[in-house]
Amino acid sequence: MLARLGLVIVIACCMALPLKAEDYLVRNQSEYAQRLKQLEAGDTIILANGEWRDFEMVVTGKGAKGNPITVRSQDAGKVLLTGQSSLRIGGEYILVSGLVFKDGYSPRGEVIAFRRSKTDTAHNSRVTETVIDGFSKPDRYDDDRWVTIYGRSNRFDHNNLIGKTNKGVTLAVRLDSEESRENNHLIDHNYFGPRPVLGSNGGETLRIGTSKYSMFNSNSRVENNVFDRTSGEVEIISSKSGGNVFRGNVFLQSSGTLTLRHGDNNVVEGNVFLGSGKDYTGGIRVINRFQTIRGNYMEGLRGEAFSSALAIMNGVPNSPVNRYVEVEGATIENNTIVDSRRVAFNVGADEERSAAPSKTSFANNLLGGLDGISFLESYDDISGIAFAGNRHSGGDVQPQLADKVMSGAIEMSRGASGLLYPTDEALADVGAPRDLRVLGLNEVGAPWYPKPANLPVFGGSGNIVSVQPGEDTLVAAIAAAKDGDVLELGPGAYIVNRTIPIDKSLTVRGAAGKAKPVIQFGRPSLFELQEGGDLQLQKLVIDGALAPDSVGNSMIKTTSFPIQSNMEIELDQVEVRGLVVNKSFNVITLGKSALAQRVAITNSSFSDITGAVLSASAETEDYGQYNVEYLDISGNSFTNIGGPVASIYRGGRDESTFGPNVVIAENSLTNVGKAPTNGTGGSIHLHGVQIAKVDRNQFDGSLPLRIVHTVGTPKTQVTSNVFDNTAAPLFEELIFEGEPRVEQSGNEAFDTIVVGDAQ
Ligand code: CA
């Protein structure tokens, strides 16, 4: 108060001097709160370096143009907001910079909100050089947004948003009040870091608007941002309002697309999509009226359907606001698409989505697909699209599109930007502009904060630790191990008397060229996967003889607490035997709110097991959630298994996810699935799996293969299997009306079911 009084006196005495702004260093939350009450335009609060725990920070006040109220860190990146922390900004002309949110999560619906309350939204305010890293709520289905921009004329720039694992948009712009519309926000030079697969709707990285207010313009500009591995769901960006501009952004290895989901008159221009051949990487999905898609560059994209390089959708006639407004008056010009899987028209055409695009121009695009793979497809009427000047090279073209593009080899070379362009001068006006810049990683985010590398899951530390046989030697070795270590077990017997928690990435393997070590365990589970855990087992024998009879026995299980991180589990050359102590003893059980990015079971043998080999069917509420993204079961033998080899469940009608994606190949299944406790009706049960390949397996005396399709366009191949003494596969469609959509070839069946051997 005295300082403020002093300032007033100084001003009164020296009227000729400009107003002197003050810098105030504050050391704790009460000093901060005290100081906040006394701020004037031009003042700066400096947060002292260090940890600010459980800080629900609020900034509000009236700054002025060119003279904002500033809250910043003493040194950039040295102020950590941890625990239950958040930031709310009200007022106008507020500037916040230099904060890092980590080691905690927001107790509120947002980490950073551009409003203090419903009636105090931020205007002309800016958040810059601020980091939110891993600040996710622990339960993946507990919803929040990391950043929500309300109000008008706000800027969010040079920030890092890394690793959101729970449900809810990473950055949202809201239009839910009159004063939040026509908002002219600027979102630029941010680093949107890896967002792992959520396994449900709600994994968008950026959303502007909602269906309810999608008839309003947002006029937000999203420029010069990098989206690096932002693969939460099929929409990387969901634009749900009008008048937005997406320009100069770079998408790296990001599954999904920039989706113009609702709202009209948006511009998508000069963006670069580099998929590097990663699954489901896509470009732009077009819905609604008067959209402009111009001068974008796409390379190495592998998505199809909703995740195609370009997906021009069919709409719903007189669509309700939350469905699909038909494409009308779109301009899609001078885009380059090379080395990509699919460009598709009338995507989503069905009885409801029956309105084809109209008054649309598709011109001067350079289109390059993958040899031998269908590239240009349409699923309905394309007479409302004017095609002109398009060139095509590589990938197959459906007959109805053949006269819409000029096909033929095009010689390409890389320009200074690293992008591919035709060498023929005559094609200078085709494809993306020659001066398109590719924004560098060093141009986005806070310059002082590292961007995460793309490291291998297993063996990353480079350490190999030898473990000797004995009682609990393995327990001690795992407790002492570091993330990325390899534990190498010599021949002999290993007795494990407690369930071993796995909260890091570990490899446990038998030494090369020696007899496999034998592990026995005296608890209902051998391994429990926890937050941060990944497990690779190689060249081991695991024997269940010492396990006690307990409900829910499982050699590997997940903790009953939710797990944020998507785990990986690999078993290779492992022999698992004698899990028989109770009626349903599984090998691997993935529980609720756990998602494995990948489970691979290869070159292994399983015998005398009463339960399932892999149970990934805990998400039974039919919200489109599931427990495993990629599953590979190849080259194994399964003998006398009471439950199914794999039970995968993804229920409901949601269309927002990529997986599950399942390969089951070259296995033998003998007497599998026949225990009365197997409720799945199959020796393999896949429910709602999006992509499945069941190939060259030998079924003998087992329950049938059972595949149930739910929503979307599942791709299922069942090829070259032998069904001996095993009923024919069961294929069911729950929603699609028609014959089950299964590609079958080369399967052989021997109808030799012995009477009395009924299931
Ligand atoms: Ca979505």
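## Cavity, pocket, calcium site and strands

Leu-161, Ile-162, Gly-163, Lys-164, Thr-170, Phe-192, Gly-193, Pro-194, Arg-195, Thr-205 and Thr-230 form the lining of the largest cavity. The model is a predicted one. The volume of this largest cavity is about 40 Å³. The structure holds 1 cavity of 30 Å³ or more.

Now turn to an open space, the second largest pocket. Its volume is about 1,600 Å³. The lining of this pocket is made of 40 residues. Nearest the pocket's centre lie Pro-194, Pro-196, Arg-229, Leu-455 and Val-457. Pro-194 is also named in the lining of the largest cavity. Two strands contribute to the pocket lining with at least two residues each: strand 56 (567–579) and strand 61 (628–634).

What classes of residue make up the two linings? The table sets them out.

| Space | Volume | Nonpolar | Polar | Charged |
|---|---|---|---|---|
| Largest cavity | about 40 Å³ | 4 residues | 5 residues | 2 residues |
| Second largest pocket | about 1,600 Å³ | 13 residues | 17 residues | 10 residues |

Next comes the metal. Which protein atoms are donors to the calcium ion? They are Asn-201 (OD1), Glu-204 (OE), Glu-233 (OE), Glu-233 (OE) and Glu-235 (OE). Glu-233 appears twice in that list. These donors lie 2.3 to 2.6 Å from the ion. Along the sequence, the donor residues follow the spacing N-x2-E-x28-E-x1-E. Are Glu-233 and Glu-235 buried or exposed? Both Glu-233 and Glu-235 are buried.

Helix 3 covers residues 473–480. Which of its residues are buried? They are Leu-474, Val-475, Ala-477 and Ile-478. Looking down the axis of helix 3, you find these buried residues within an arc of 165°, so they line one face of the helix. The general rule helps here. An α-helix has 3.6 residues a turn, so residues three or four places apart point the same way. On the face of helix 3 turned away from the buried side sit Ala-479 and Ala-480, which are exposed.

Finally, look at the strands. Strand 59 (residues 605–609) pairs with strand 62 (residues 637–641) in the parallel sense, over 4 bridges. Within this pairing, Phe-606 has Phe-638 of strand 62 as its bridge partner. Strand 62 also pairs with strand 65 (residues 668–672), in the parallel sense and over 4 bridges. Here Ser-637 stands opposite Ser-668 in strand 65. Strand 62 thus has two named partners, strand 59 and strand 65.

How values were computed. Residues are numbered from 1 along each chain as its sequence is written. This is a predicted model: local features need pLDDT of at least 70, side-chain atom pairs count only at pLDDT 80 or more; totals for chains, interfaces and linings use all residues. Side-chain values use heavy atoms; hydrogens and water are left out. Buried means under 20% relative accessible area, exposed over 50%, partly exposed in between (1.4 Å probe, protein chains only). The arc is that of the directions from the helix axis to the C-beta atoms. On a 1 Å grid over the protein atoms alone, a cavity is a set of points where a 1.4 Å probe fits but cannot get out, and a pocket is an open set with protein on both sides within 12 Å along at least five of seven lines; lining residues have an atom within 4 Å of a point. Grid points are joined across faces, edges and corners, and a volume is the space filled by probe spheres set on the points. Ala, Val, Leu, Ile, Met, Phe, Trp, Tyr, Cys and Pro count as nonpolar, Asp, Glu, Lys and Arg as charged, and the others, Gly among them, as polar. Donors are N, O and S atoms within 2.8 Å of the metal (3.2 Å for Na, K and Ca); water is not among the atoms, so sites may look incomplete. Two strands pair if DSSP finds at least two bridges between them.
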